[in-house]
Amino acid sequence: MNATGGAMLRQVSEQLPAMRLLEDAADTEAYRFDETEYMRPGQPIGVCFPTTTDEVQSIVRLAAQHRVPLVPRGAGTGLSGGAVAVEGGLTVVFTAMNRILEIDPANLTATVQPGVINADLGRAVAGHGLFYAPDPASFEMCTIGGNLAENSGGLRCVKYGVTRDFVLGLEVVLADGSVIRTGGKNVKDVAGYDLGGLFVGSEGTLGIITEATLRLLPAPAERLTMLAFFGTVRAAGDAVAGITAAGIVPTTLELMDAFTIAAVDEWHQLGLDRTAAAMLMIESDAPAALADLELAAAEQACLSAGATSIVRAADPREADWLRQARRSAHGALERAGVARMDDVGVPRSRIPEMLEHIESVSTSHGLRIGVFGHAGDGNLHPTYIVERDDPTAEGRIDAARSEIYARALDLGGTVTGEHGTGLAKRRWLELQRGAGAVRVMRAIKQALDPDGILNPGKVL
Ligand SMILES: Cc1cc2nc3c(=O)[nH]c(=O)nc-3n(C[C@H](O)[C@H](O)[C@H](O)COP(=O)(O)OP(=O)(O)OC[C@H]3O[C@@H](n4cnc5c(N)ncnc54)[C@H](O)[C@@H]3O)c2cc1C
């Protein structure tokens, strides 16, 4: 560690003696990576665990004084390298800043610290008959701070929208240690620029989120769940496009290809149709009779697209198993080898073409690619499966993903639907957004963080 880092850590311990601070390399090792184990992290000078906004302010002021980079970190489940340690930086972990400060049924809001786990918030508001909709598949692990910084999506976002749609106000510590609030409990509030919108999805590069006021909804009805199986991925893609075109907005519209179906079924023994080329999971949480009608209409769209079989979950318990199985798709694929989950999005009508392209890339590069994802949002997760220690793996994955991103962009899509730019997608940002837009992003970064101490090297 250089002298500056050492001096900063000494001051951190002096000013915040009660805060947990790890300095030993053996202790900080677990915080160097996120879920992108292929990224090469730097060696941090330490890892700290603030519990209050005041503590975060002190840390940021010292970092600004010593020009030490800060890496905000939630649970480290990110899939684009946003929380990966920066050389000579201090990683600031929010898991101990995890209080639900208020649930306000009269205003349908919850105010939370950033380290609250997404599913814990869901359970807490359910106790009041309320509902927090954004539910990344990692919801039992990931934090609200990480969700805000990535603008995360999830399985229910096709109906309810993504994290951004549920943010009313943020408290943010800026790069000079000052604190701003971007909103509060107002449902409508258009005073000045939308600063909250700027911090949501900024991946810890513009400010550190220390509190959030989130929008809640009345709890919806119990979900009805249906599975539809198809003989080709194209047919499943056609069904997604057909459901969307018919004006049906299910709560969940998730896709798994044959490879993922087999991996999930092998793990959970659910009796899924392993002969199918693709499966859709479709759910409705509309009030009773309407849910039935919604699923019947979705069933019709699936049959028109060539579904080979359709089954409904017998009861809520079975539906829950199926949902858990979908959430475990990445874990199931990891049992088949090293699984690197990717993330692309296309307009929903272009899903069939995107699926066919991924299939052809898999064949031409001799690379196993399992595909699953939030098809109802046009958001797919091609997941590359390689053998550990295969020296050709990196090159083949790189070639395959370049082709997949290029096709997604040709189709009017995006190189990341929900996992963020982080380190993993930086090379493609300008290709998608254009030089002018990236120039504006750099100007914003420069204005808010002129010394570049907030998560440097990420996004831009
Ligand atoms: C199995 C699996 C399934 C997943 N499914 C989904 C899914 O369905 N949808 C989806 O969108 N993502 C999904 N993800 C990705 C990941 O879970 C999300 O991006 C999640 O929001 C990250 O939360 P985290 O707490 O782990 O954040 P981290 O990974 O720790 O950090 C993510 C980013 O947030 C920044 N950050 C964290 N806290 C703060 C803060 N307080 N202030 C400012 N910046 C901060 C970090 O610097 C980093 O850039 C999945 C990941 C896995 C492993």
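This report walks through the ligand site and then three helix pairs of a predicted model.

## About the model

Residue numbers start from 1 along each chain as its sequence is written. Because this is a prediction, local features need pLDDT of at least 70 and side-chain atom pairs count only at pLDDT 80 or more, while totals for chains, interfaces and linings use all residues, and side-chain values use heavy atoms, with hydrogens and water left out.

## Who surrounds the ligand

The ligand has 35 residues around it, and the closest are Pro 72, Thr 77, Ser 138, Thr 143 and Ser 152. To be counted, a residue must have one of its heavy atoms within 4 Å of the ligand. Sorted by class, that shell holds 18 polar, 12 nonpolar and 5 charged residues. (Ala, Val, Leu, Ile, Met, Phe, Trp, Tyr, Cys and Pro count as nonpolar, Asp, Glu, Lys and Arg as charged, and the others, Gly among them, as polar.)

Three elements each supply at least two shell residues: strand E3 (70–73), helix H5 (144–150) and strand E10 (208–215). H5 gives the largest share, 5 residues. Helices here are DSSP runs of H or I with at least four residues, strands are runs of E with at least two, and both are numbered from the N terminus.

## Backbone contacts and cover

Where does the backbone meet the ligand's oxygen and nitrogen atoms? A polar backbone atom of Ala 75 sits 2.9 Å from a ligand oxygen, and one of Glu 203 is 3.2 Å from a ligand oxygen. Ile 209 brings a backbone N or O atom to 3.0 Å from a ligand nitrogen. On its own the ligand has 990 Å² of accessible area, and the protein covers 97% of that (Shrake-Rupley method, 1.4 Å probe).

## How the helices pack

Two packed helices are described by the angle between their axes and the distance between the axes. Axes are lines fitted to C-alpha atoms over the stretch in contact, with angles from 0 to 180 degrees between N-to-C directions.

H13 (residues 351–364) and H14 (residues 393–410) have axes that come within 10 Å and cross at roughly 160 degrees. That makes the pair roughly antiparallel (over 145 degrees). H8 and H13 pack at about 155 degrees, axes 7 Å apart, and are therefore roughly antiparallel too.

H8 (residues 233–245) also meets H10 (residues 288–304), with axes within 8 Å and a crossing of roughly 140 degrees. That makes H8 oblique to H10, the term for angles outside the parallel (under 35), antiparallel (over 145) and perpendicular (65 to 115) ranges.

Conventions:
Polar contact = N/O pair within 3.5 Å; in protein donor to acceptor, adjacent residues only side chain to side chain.
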